[in-house]
Amino acid sequence: MSFRDLMTDDIFRSNVVLVGIPYDKSTSIKSGASEAPKTLRELSEYLPPYTMLMNDIKPLKIYDDGDYKLEKMDESFESLSESLYKVLNNDKFTLFVGGDHAVAISTEKAFIKKAHELGKTPVLFHLDAHADICDFYDGSKLSHATPVKRAIDNGLDPNNTVLFGIRSYEDQEVEYLNNHKEIKIFNPEMINNHLDDVLKYISKYKSNDYMVHLSFDIDMIDPSYAPGTGTPEHFGVESNKALELILNIIKNFNCQTMDIVEISPALDVNDVTSWLGLKILYEIFYVLKEKNEL
């Protein structure tokens, strides 16, 4: 069984609901991210349920809701969003495992709907090498390069949109961002060397009036740590700094939804990128355990 000693077959006993979205048909360079949910589950069988500091995470329980399949994003985008919205009604921390970043179009639409339903202001923390704020890419509005723009179209206020780790831009993104200075961007140098300043800026979103969705593309991290991804960008965020940022968000913000995307086992080296993703998830699980006083 995957995620050894952490699994439960009773969703009501769970603290985390895991949903796989094995879709990578919108990738523009190299695909393979559709294999990530399967690979992470398989590798997790070998990962002891302890953090790097020997903290026990076994009290936390994960319910695996299986894979939500997409054949063609343009045909099933709306139905996927509605299905994921129903998952959020379980009121558990929900972890979406992609898949390429196009899956976030659906996860973020579901999140925004849920936040508004609860009377909260939705906030997007987008951790990525790329801004993903294109309107069209490769002829599609539902590309892995468009989820942030789609989130804004679906009701996210640009003032509550924060991009972390960005170091690559398309022309249309530069134009859009120059016209929307309210969207805050933290490049890798700022995260690697001035993380305290970054955390100070985003602290304004700690109020319970906000709900935060964490969208984590593994290519935010420098490819020297995470080579197994379809669009690697050098000069990225160090893995320890990425972990520190992510754990701060999970611990200190009203964050109940997260996606992890663009891990491509087919492009990996000895599964190091998949292992990195898993190790980050296990550190998150411990923070959730402590946060829920388990």
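Here, a residue is called buried when its relative accessible area is under 20% and exposed when it is over 50%. Please keep in mind that the model shown is predicted.

**Figure 1. Helix α1, a mostly covered helix.** Welcome to the first close-up, which follows residues 36–44, the stretch that forms α1. Of the 9 residues in this helix, 7 are buried. They are Ala-36, Pro-37, Thr-39, Leu-40, Arg-41, Leu-43 and Ser-44. What do these buried residues of α1 pack against? Their partners are three strands, β1 (16–21), β2 (62–67) and β3 (93–98), together with the helix α9.

**Figure 2. The largest cavity and its lining.** Rolling a probe the size of a water molecule over the atoms shows where empty space is left. In this model, 1 cavity reaches 30 Å³ or more, and the volume of the largest cavity is about 40 Å³. Around the largest cavity you will find Phe-3, Leu-18, Pro-37, Leu-40, Arg-41, Val-97 and Leu-281. Helix α1 from the previous view returns here, as it gives 3 residues, the largest share of the lining. Sorted by class, the lining of the cavity has 6 nonpolar residues, no polar ones and 1 charged one.

**Figure 3. Helix α7, with a buried side and an exposed face.** This view moves to residues 195–202, where Leu-195, Val-198, Leu-199 and Ile-202 are buried. Why do these four sit on the same side of α7? Their directions from the axis cover an arc of only 95 degrees, so they share one side of the helix. Turn to the face pointing away from that buried side, and you meet the exposed residues Asp-196, Asp-197 and Lys-200. The buried residues of α7 pack against the strands β4 (121–127), β5 (161–164) and β6 (184–186). They also pack against two helices, α6 (188–193) and α8 (239–252).

**Figure 4. The largest pocket.** Here the view opens onto a space of about 230 Å³. How many residues line the largest pocket? There are 19, and those that lie nearest its centre are His-130, Tyr-137, His-144, Glu-170 and Thr-231. By class, the lining of this pocket is made up of 8 charged, 6 polar and 5 nonpolar residues.

**Figure 5. The second largest pocket, with α8 and α9 in its lining.** This pocket holds about 200 Å³ of space. Its lining includes Thr-51, Met-52, Leu-53 and Asn-55. Also in the lining are Leu-243, Leu-247 and Lys-251, along with Glu-283, Tyr-286, Val-287 and Glu-290. Which helix supplies the largest share of the lining of the second largest pocket? That is α9, with 4 residues, while both α8 and α9 (272–291) supply at least two each. The classes here are 6 nonpolar, 2 polar and 3 charged residues. Both helices have appeared in earlier views: α8 packs against the buried residues of α7, and α9 against those of α1.

**Figure 6. Lys-181, an exposed residue in a loop.** The last close-up visits the loop between α5 (171–178) and β6, where Lys-181 is found. Is Lys-181 buried or exposed? Its relative accessibility is 64%, so Lys-181 counts as exposed. The side chain of Lys-181 makes a polar contact of 3.3 Å with the side chain of Asn-178. Look also for Asn-159, which is 22 residues away from Lys-181 along the chain. The C-alpha atoms of Lys-181 and Asn-159 are separated by 8.8 Å.

How values were computed:
Residues are numbered from 1 along each chain as its sequence is written. This is a predicted model: local features need pLDDT of at least 70, side-chain atom pairs count only at pLDDT 80 or more; totals for chains, interfaces and linings use all residues. Side-chain values use heavy atoms; hydrogens and water are left out. Buried means under 20% relative accessible area, exposed over 50%, partly exposed in between (1.4 Å probe, protein chains only). The arc is that of the directions from the helix axis to the C-beta atoms. Contact means heavy atoms within 4.5 Å. On a 1 Å grid over the protein atoms alone, a cavity is a set of points where a 1.4 Å probe fits but cannot get out, and a pocket is an open set with protein on both sides within 12 Å along at least five of seven lines; lining residues have an atom within 4 Å of a point. Grid points are joined across faces, edges and corners, and a volume is the space filled by probe spheres set on the points. Ala, Val, Leu, Ile, Met, Phe, Trp, Tyr, Cys and Pro count as nonpolar, Asp, Glu, Lys and Arg as charged, and the others, Gly among them, as polar. A polar contact is a pair of N or O atoms within 3.5 Å; within protein, one must be able to donate a hydrogen and the other to accept it, and residues adjacent in sequence count only if both atoms are side-chain atoms.
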